[in-house]
Amino acid sequence: MKQAIASWEGYGRSLLRIILAFTFSLHGYRHMFGVFPTSGGRRAAVPMALDGLPAIMGNLEIVGGLLSLLGLFVRPTAIVLCAELLAAYFYSAAPRGLWPIRNGGNEVLLYMLVFAYFVVAGGGPWSLDHLVGFRSIRSQQGTETA
């Protein structure tokens, strides 16, 4: 049973990447186009740390979210997004207090942790990186046997 569940890890990672990329890109659309309200059900709550960044950072969130959604350049994209999220935490949330639940840094830290996981683990089998890598391995094997 344990081995059967472990064999699905890559597909779970791909699904996590797709959902995370979609939700992260929504922050970029809010920054750039003002599409979604910033308080969305968070009455009297501390604003999220991502909201404290300049609006131009929305470009990074949209492009990074799109690349992550497609599974293209997942590791380098995740490194850049981790740096943005770390900057958002220290720029916007940390000055408000020590505890992330009180300073609006929860979401940023969670996003950063999951993107750090993708830096190490990659995008999974449902990604363009995997597809391109699989094709290059096949072509290398084909030239070695010929």
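1. A helix is here a DSSP run of H or I at least four residues long, and the helices are numbered from the N terminus. With that term in hand, Glu9 and Arg13 can be placed: both lie in helix α2 and are four residues apart, about one turn of the helix. The model under review is a predicted one.

2. Overall content. The chain has seven helices and zero strands. Read along the sequence, its pattern is therefore α-α-α-α-α-α-α. Of its 146 residues, 32% are buried. Among the contacts with a separation of 6 or more, 72% join residues 24 or more positions apart. The chain exposes about 9100 Å², and carbon and sulfur atoms supply 70% of that area.

3. The salt bridge within α2. How many salt bridges does the rule give? The count is two. One of them joins the side chains of Glu9 and Arg13, with an N to O distance of 3.0 Å. The two partners can be compared with the cut-off for burial, which is under 20% relative accessible area. Arg13 is buried because its value is 13%. Glu9 is partly exposed, because its relative accessible area is 37%.

4. The salt bridge from α2 to a loop. Asp51 forms a salt bridge with Arg30, and the closest N and O atoms are 2.4 Å apart. Asp51 belongs to the loop between α2 and α3, while Arg30 belongs to helix α2, so the pair ties together parts that are 21 residues apart in sequence. Arg30 counts as buried because its relative accessible area is 12%. Asp51, at 22%, is partly exposed.

5. A buried acid without a salt bridge. Glu61 lies in helix α3. Glu61 is buried yet has no salt bridge. Why does Glu61 have no salt bridge? The nearest side chain of opposite charge, that of Arg30, is 6.9 Å away, whereas a salt bridge requires the nitrogen and the carboxyl oxygen to be within 4 Å, so the pair does not qualify. Setting aside residues up to four places away in sequence, Glu61 touches Phe24, Ser25, His27, Gly28, His31, Leu50, Leu53 and Glu84.

6. The polar partner of Glu61. Which side chain does His31 meet in a polar contact of 2.9 Å? The partner is the side chain of Glu61. His31 lies in helix α2, which covers residues 9-33. Is His31 buried or partly exposed? His31 counts as buried because its relative accessibility is 14%. Apart from neighbours within four places in sequence, the residues in contact with His31 are Leu50, Asp51, Leu53, Pro54, Ala55, Gly58 and Glu61. This list includes Asp51, the residue that forms a salt bridge with Arg30.

7. The nonpolar surface patch. Phe22, Leu66, Leu69, Leu70, Leu128 and Leu131 form a nonpolar patch on the surface, and together they have about 500 Å² of accessible area. Helices α3 and α7 (128-145) are the elements that give two or more residues to the patch. The most comes from α3, with three residues. One of the patch members is Leu66, in helix α3 (residues 57-70). Leu66 is partly exposed because its relative accessible area is 47%. Another member, Leu69, also lies in helix α3. Leu69 is partly exposed at 33%. Membership of a patch requires over 30% relative accessible area, so Leu69 meets that condition with 33%.

8. Distances between C-alpha atoms. Leu66 and Thr77 are 11 residues apart along the chain, and their C-alpha atoms are separated by 10.0 Å. Ala116 and Cys82 are 34 residues apart in sequence, with a C-alpha to C-alpha distance of 6.5 Å. Ala116 lies in helix α6 (residues 106-121). Ala116 counts as partly exposed because its relative accessibility is 33%.

9. A backbone angle to note. Where is Phe73 placed? Phe73 is in the loop between α3 and α4 (74-93). Its phi is near 55°, which is a positive value in a residue other than glycine.

How values were computed. Residues numbered from 1 in each chain as written. Predicted model: local features only at pLDDT ≥ 70, side-chain atom pairs only at ≥ 80, totals over all residues. Heavy atoms only, no water. Buried < 20%, exposed > 50% of the residue type's maximum accessible area, 1.4 Å probe, protein only. Patch = residues over 30% accessible without salt bridge, like charges linked within 9 Å, V, L, I, M, F, W, Y side chains within 5 Å. Areas by Shrake-Rupley, 256 points an atom, 1.4 Å probe, with all protein chains shown as cover. Lys, Arg positive; Asp, Glu negative; His and termini not counted. Contact = heavy atoms within 4.5 Å. Polar contact = N/O pair within 3.5 Å; in protein donor to acceptor, adjacent residues only side chain to side chain.
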